[in-house]
Amino acid sequence: MFGSFLVIPHQAASASASHALSRALQGGAGYDGYDDEYSCPISDEDRVVDELENQMREGGVIVDYHGCDFFPERRFHTAFVLRTDNSIQHKRLETRGYDEKTLQDNTQCEIFQVLYEEARASYREEIVHQLPSNEQEQLEDNINQISKWMEQWVKDLNS
């Protein structure tokens, strides 16, 4: 069995979601309404987890999502939390047209390390890792680091 890996970016840090999560949310099946305050769909966490269970049975899946407390630990061999400097994050989200409330909430979330603490509370501490996500170069470094980690995990599993 291959490992599955969870990448937890701050809100909208990554332009793309994993294929598994995208399939789980296709056609609105993974949604349970719409949040007018934040102008976004509300995930139906139970349906998302059920759909991912089927897709993750064989492993080798990377899930990219801005939270983790509803994903069962048994499905992940590691969790990477992407961190961004507040000024960079604010500019990034402002450029994408986020409203002031969303900007403030995301800034507070990053200041108080909400997603990192959520990951530490949801999974064993030794599988939770933080990676910087301020610049394009760091994004590429993160991809390389996660790929190397996965390769080593497979190598260790097969030895």
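This report walks through a predicted model of a single protein chain, from its overall layout down to a few individual residues.

## Overall layout

Let's start with the big picture. The protein chain has six helices and six strands. Reading from the N terminus, the elements come in the order β-α-β-β-α-β-β-α-α-α-β-α. Of the 159 residues in the protein chain, 40% are buried. The accessible surface adds up to about 9200 Å², and carbon and sulfur atoms account for 47% of that.

Contacts across the sequence feature heavily here: among contacts in the protein chain with a separation of 6 or more, 72% are between residues 24 or more positions apart.

## How confident is the model?

The average pLDDT for the protein chain is 81, and 83% of the residues score at least 70. One stretch to treat separately is residues 10-18, where the pLDDT is below 50. In the model, that stretch still has 26 contacts beyond near neighbours in sequence.

## Strand β5, covered on both sides

Now for β5, which spans residues 78-83. Six of its six residues are buried, so the strand is largely enclosed by the rest of the structure. In a regular strand, side chains alternate between the two faces of the sheet. For β5, one side carries Thr78, Phe80 and Leu82, while Ala79, Val81 and Arg83 sit on the other, and all of these are buried. Both faces are therefore covered, given that buried means under 20% relative accessible area.

As for partners, β5 runs parallel to strand β6 (residues 128-132), and five bridges join the two. Within this pairing, Ala79 stands opposite Val128 of β6.

## Two nonpolar cores

Nonpolar side chains tend to be buried together in soluble globular proteins. In this model, the largest nonpolar core has 19 residues, and the members that touch the most others are Val63, Phe71, Tyr123 and Val128. The elements giving two or more residues to this core are α2 (45-56), β5 and α5 (114-122). Of these, α2 gives the most, with four residues. Val128 turns up twice in this story: as one of the core members with the most partners, and as the residue opposite Ala79.

There is also a second, separate core made of six residues, including Leu82, Leu131, Ile146 and Met150. Leu82 is one of the buried β5 residues mentioned above.

## An aromatic cluster

The model has six aromatic pairs. One of them is Phe71 with Phe76, an edge-to-face pair with 5.8 Å centre to centre and 80° between the planes. Where do these two rings sit, buried or exposed? Phe71 has 4% relative accessibility, so it counts as buried, and Phe76 is also buried at 4%.

The pairing goes beyond these two residues. Ring pairs link Tyr65, Phe70, Phe71, Phe76 and Tyr123 into a cluster. Two of those names, Phe71 and Tyr123, also appear among the residues that touch the most other members of the largest nonpolar core.

## Loops with positive phi

A couple of loop residues have backbone angles to check. Ser39 lies in the loop between β2 (31-35) and β3 (40-43), and its phi is near 55°, a positive value in a residue other than glycine. With a relative accessible area of 46%, Ser39 is partly exposed.

Gln113 sits in the loop between α4 (100-111) and α5. Its phi is also positive, at about 55°, although Gln113 is not a glycine. At 29% relative accessibility, Gln113 counts as partly exposed.

## Two buried residues to look at

Gly67 belongs to the loop between β4 (62-64) and β5. Despite the loop setting, Gly67 is buried, with a relative accessible area of 7%. Gly67 and Glu118 are 51 residues apart in sequence, but their C-alpha atoms are 7.7 Å apart in space.

The other residue is Gln138, found in helix α6 (residues 136-158). Is Gln138 buried or exposed? Its relative accessible area is 18%, which is under the 20% cut-off, so Gln138 counts as buried. Leaving aside residues up to four places away in sequence, Gln138 touches Pro132 and Ser133. Pro132 lies within the range given for β6, residues 128-132.

How values were computed. Residues are numbered from 1 along each chain as its sequence is written. Side-chain values use heavy atoms; hydrogens and water are left out. Buried means under 20% relative accessible area, exposed over 50%, partly exposed in between (1.4 Å probe, protein chains only). Two strands pair if DSSP finds at least two bridges between them. A nonpolar core is a set of buried Ala, Val, Leu, Ile, Met, Phe, Trp, Tyr and Cys residues joined through side-chain atoms within 4.5 Å. pLDDT is the predictor's confidence in each residue, from 0 to 100. Contact means heavy atoms within 4.5 Å. Rings of Phe, Tyr and Trp (its six-membered ring) pair if their centres lie within 6.5 Å; planes under 30 degrees apart count as stacked, over 60 as edge-to-face and the rest as tilted. Accessible areas come from the Shrake-Rupley method with a 1.4 Å probe; for residues, only the protein chains shown count as cover.
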